[in-house]
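Student: I am new to this structure and would like a close look at a single part of it. Could you take me through one residue and its surroundings with care, and then go on to what lies beyond?

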Amino acid sequence: MTLYIQNGTIYTPNLPEPVSADLVIENGKIIEIGQKLSVSGKHSETLNAEGMRIYPGFIDAHSHLGVFGHGIGFEGDDSNELNDILTPHLRAIDSINPMDESFLAARRGGVTLVGTGPGSANALGGTFTAIKTIGKRVDEMIVRDPVAMKCAFGENPKRVYKDKSVRARMTTAARIREALFKAKEYLARKESAAEDMSKLPPYDIKHEALIPVLKRQIPLKAHAHQANDLFTALRIAREFDLDITLEHVTEGHLIAQELARENVMLAVGPTLTWASKFELRNKSWETPAVLVAAGCHVSIITDCPVIQQEYLPLCAALAIKAGLSEWEALKAITLHPAEHLGIAQRVGSIEIGKDADLVLTDDSPFELATKIHAVFIDGKSV
């Protein structure tokens with residue numbers, strides 16, 4: 001089936017200005033962009049988007065969609081294993097429930113893809129995945145798996161494990177270092193054994209899970225709010241020569257120049273909440289604008305269900321109110337999170353060859369009264 005969307009105005013972060021153009025979509029991909037394109041045949045469908053804006057599908061680089069069970073009790077919450085502070089071997093795809101109604105709410109808000117995974121109770125929590133927000137079987141929703149290894153600094157591991165194994169930030173950092181060092185030793189033994197099975201170390205599922213991190217195939221995805229925790233995460237990444245992304249970055253505006261020099265990707269939020277714990281006391285809607293002005297790569301996130309997934313554009317709108325330009329806000333919920341998740345070759349902008357994930361609106365998605373007329377994922381109306 002070929003879909004022809006004509007007469008719309010395209011807003012995409014890879015272009016500095018909107019353009020009036022038509023789109024041709026085939027097999028879930030954008031195959032043509034231009035003026036007065038020719039499409040015919042019995043297997044074609046035309047959508048007149050006159051008066052509408054066309055945006056790339058919105059993307060959240062840091063969500064827990066599908067693992068928190070819409071916040072309904074213990075039975076629906078599969079976000080954290082609370083019996084072990086080091087669980088790098090856990091995989092988000094084994095918890096996600098695609099039938100959760102939060103996915104429908106996400107689509108209605110124009111959110112077509114999320115990076116989702118474990119929460120931040122554990123120092124090492126397991127792997128995040130990047131999935132489209134429609135489907136019945138998670139295996140068929142995956143765009144990339146895994147995308148990152150979740151780790152956490154600051155208050156959460158301290159609070160959860162204060163009566164078990166951790167009462168200080170330095171202990172959390174030490175446990176992460178220990179796990180990385182043991183995995184590094186394990187990898188060295190595997191590589192030196194080569195094909196000699198007798199020399200292989202005993203199989204260790206936790207060490208195995210950290211090998212892609214050590215080989216820089218996926219980054220550490222470091223939950224950190226306070227400035228000192230952000231620097232600890234960076235310190236450990238540099239010690240082990242790892243890739244890292246920083247998540248939440250609540251005090252990022254206080255250390256913007258330092259973060260810009262580090263040249264790492266930042267996922268900022270959730271900001272549409274009250275300061276529920278000490279490390280959020282400096283929370284500000286100005287954080288994205290300050291970081292962008294310093295030259296940082298910024299994505300805006302909901303941390304769903306902390307903020308409902310469909311409110312991702314609202315979070316960007318509030319950042320605009322605090323000084324972020326509308327173009328940078330669009331990048332922060334489309335192209336930048338796609339790059340953050342390592343999937344920008346497929347999503348995040350409206351370009352030939354990319355997935356046809358699109359949002360059609362009557363006005364800017366950053367205006368509360370704007371109506372979303374249609375959402376497409378892989379070229380299908382959802």
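Tutor: In this predicted model, the side chain of Asn122 reaches the backbone oxygen of Glu81 at 2.8 Å, and the side chain of Asn122 is also joined to that of Thr87 by a polar contact of 3.1 Å. Asn122 itself sits in a loop, the one between β7 (111-116) and β8 (124-132). Because its relative accessibility is 1%, and buried means under 20%, Asn122 counts as buried. Leaving out residues up to four places away in sequence, Asn122 touches Asn80, Glu81, Asp84, Ile85, Thr87, Cys151, Ala152, Pro157 and Tyr161. The C-alpha atom of Asn122 is also separated by 8.7 Å from that of Lys150, although these two residues are 28 residues apart along the chain.

Lys150 leads on to another residue, since it appears among the contacts of His62, together with Gly115, Phe128, Lys221, Glu247, His248, Ile301, Thr302, Asp303 and Cys304, again not counting residues up to four places away in sequence. His62 belongs to strand β6 (residues 58-63), and with a relative accessibility of 0% it counts as buried.

The strand β8, which follows the loop of Asn122, is also part of what covers the buried residues of helix α5, as are β9 (142-152), α4 (169-193) and β10 (220-224). Seven of the 10 residues of α5 (residues 205-214) are buried, so this helix is largely enclosed by the rest of the structure; the buried ones are His207, Ala209, Leu210, Ile211, Pro212, Val213 and Leu214. At the start of α5, a side-chain oxygen of Asp204 comes to within 3.0 Å of the backbone nitrogen of Lys206, while the helix is followed by Arg216, which has a positive phi, near 60 degrees.

From here we can turn to the nonpolar interior. The largest nonpolar core has 46 residues, of which Leu124, Ile244, Leu246, Leu259 and Leu291 touch the most other members. Among the elements that give two or more residues to this core are β9, α4, α5 and β10, and α4 provides the largest share, seven residues. Leu291, with neighbours within four places in sequence set aside, is in contact with Val249, Gly252, His253, Ala256, Leu259, Leu266, Val268, Cys296 and Val298. Apart from this core lies another, of 31 residues, and among its members are Phe58, Cys304, Ile333 and Phe366. Cys304 is thus a name you have already met, as one of the residues that His62 touches.

Methods
Residues are numbered from 1 along each chain as its sequence is written. This is a predicted model: local features need pLDDT of at least 70, side-chain atom pairs count only at pLDDT 80 or more; totals for chains, interfaces and linings use all residues. Side-chain values use heavy atoms; hydrogens and water are left out. Helices (H or I, at least four residues) and strands (E, at least two) are DSSP runs, numbered from the N terminus. Buried means under 20% relative accessible area, exposed over 50%, partly exposed in between (1.4 Å probe, protein chains only). Contact means heavy atoms within 4.5 Å. A polar contact is a pair of N or O atoms within 3.5 Å; within protein, one must be able to donate a hydrogen and the other to accept it, and residues adjacent in sequence count only if both atoms are side-chain atoms. A nonpolar core is a set of buried Ala, Val, Leu, Ile, Met, Phe, Trp, Tyr and Cys residues joined through side-chain atoms within 4.5 Å.
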